[in-house]
Amino acid sequence: MYYQSRYHLSNGRLSLALDSLTGELLELVDETSGENLIKNHTFALPQPFAILAKKGEACLHPGSAETIARYPQLQPEIAVSPEGQSATVTYHALWDGERPWEVQVKYTVELTENGDSQWRIHVENHSTETLKEVRFPCV
């Protein structure tokens, strides 16, 4: 079953679903067993990444659908390859639970032809704060 609110990728061994509004990882499924490999409940931990700032006092992450409605600059740009095996998600701002931060993140997931996955992240800090740690991928 496919939902219009999701982008889907597959390489025949792994399939991935991304939320079309937030860029959140919804599913990472081993197609041979049907098991969803994402064990992170979205309310428990930020995902698909977390960035720690201010000596660990702030955790930056993508905004939720509710937060994006209030702060449209938090909505990511999502590009899926024509063959449906890779996606790039670009955030121009991140959320700390209280306010948007001027931190840009671009992450790419590629489901390769040999059945593996490759994950890449690029972070640009345009804020005045120091970023201490990047956690990626958070699944």
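This is a guided tour of a predicted model, stop by stop, with a selection to make at each one.

Residues are numbered from 1 along each chain as its sequence is written, and because the model is predicted, local features need pLDDT of at least 70 and side-chain atom pairs count only at pLDDT 80 or more, whereas totals for chains, interfaces and linings use all residues. Side-chain values use heavy atoms, with hydrogens and water left out.

**First stop: the N-terminal hairpins**

Select strand S1 (residues 6-10) and strand S2 (14-19), where strands are DSSP runs of E with at least two residues, numbered from the N terminus. S1 and S2 run antiparallel and are joined by five bridges; two strands count as paired if DSSP finds at least two bridges between them. Tyr7 stands opposite Leu18 of S2, and the hairpin of S1 and S2 has three residues between the strands, among them Gly12 with a positive phi near 90°.

Extend the selection to strand S3 (25-30), which pairs with S2 in the antiparallel sense, again over five bridges. Here the bridge partner of Leu18 is Leu25 in S3, and in the hairpin of S2 and S3, with five residues between the strands, Gly23 takes a positive phi near 80°. Adding strand S4 (residues 35-36) shows an antiparallel pairing with S3 over two bridges, in which Val29 has Asn36 of S4 as its bridge partner. The hairpin of S3 and S4 has four residues between the strands, and Gly34 there takes a positive phi near 80°.

**Second stop: the four-stranded sheet**

Next, select S7, S8, S11 and S12, which form an open sheet in the order S7-S8-S11-S12 with antiparallel pairing. S7 and strand S12 (117-125) are at the edges, and each has a single partner strand, so one side of each is left without a neighbour in the sheet. From one strand to the next the twist averages 10°, where axes are lines fitted to C-alpha atoms and angles run from 0 to 180 degrees between N-to-C directions.

Within this sheet, S8 and S11 pair in the antiparallel sense over six bridges, and Ser86 stands opposite Glu110 in S11. Pick Glu110, which counts as partly exposed at 29% relative accessibility; on this scale buried means under 20% relative accessible area, exposed over 50%, and partly exposed in between (1.4 Å probe, protein chains only). Leaving aside neighbours within four places in sequence, Glu110 is in contact (heavy atoms within 4.5 Å) with Gln85, Ser86, Asp116, Ser117, Gln118 and Arg120. A distance drawn between the C-alpha atoms of Glu110 and Leu9, 101 residues apart along the chain, reads 8.6 Å.

Then move to Ser81, in the loop between strand S7 (77-80) and S8, which counts as buried at 14% relative accessibility. A polar atom of the Ser81 side chain lies 3.2 Å from the backbone nitrogen of Gln85.

**Third stop: the nonpolar core**

Which residues touch the most other members of the largest nonpolar core? Select Leu16, Leu94 and Tyr107, which do so among its 23 residues; such a core is a set of buried Ala, Val, Leu, Ile, Met, Phe, Trp, Tyr and Cys residues joined through side-chain atoms within 4.5 Å. The elements that give two or more residues to this core include S2, S3 and strand S8 (86-91), and strand S11 (103-111) is another of them. S11 gives the most, with five residues.

Tyr107 is buried, with a relative accessible area of 0%, and its contacts beyond four places in sequence include Leu18, Gly23, Leu25, Phe49, Tyr91 and Phe136.

**Last stop: the aromatic rings**

A search of the whole structure finds five aromatic pairs, where rings of Phe, Tyr and Trp (its six-membered ring) pair if their centres lie within 6.5 Å, and planes under 30 degrees apart count as stacked, over 60 as edge-to-face and the rest as tilted. Select Phe49 and Tyr91, whose ring centres are 5.5 Å apart with planes at 75°, so the pair is edge-to-face. Phe49 lies in the loop between S4 and S5 and Tyr91 in strand S8, 42 residues apart; Phe49 is buried at 0% relative accessible area, and Tyr91 is likewise buried at 0%.

Tyr107 and Phe136 form a tilted pair, 5.7 Å centre to centre with 55° between the planes. Tyr107 lies in strand S11 and Phe136 in the segment after strand S13 (131-135), so this pair ties together parts that are 29 residues apart in sequence. To finish, select Phe49, Tyr91, Tyr107, Trp119 and Phe136 together, since ring pairs link them into a cluster.

Key: A polar contact is a pair of N or O atoms within 3.5 Å; within protein, one must be able to donate a hydrogen and the other to accept it, and residues adjacent in sequence count only if both atoms are side-chain atoms.
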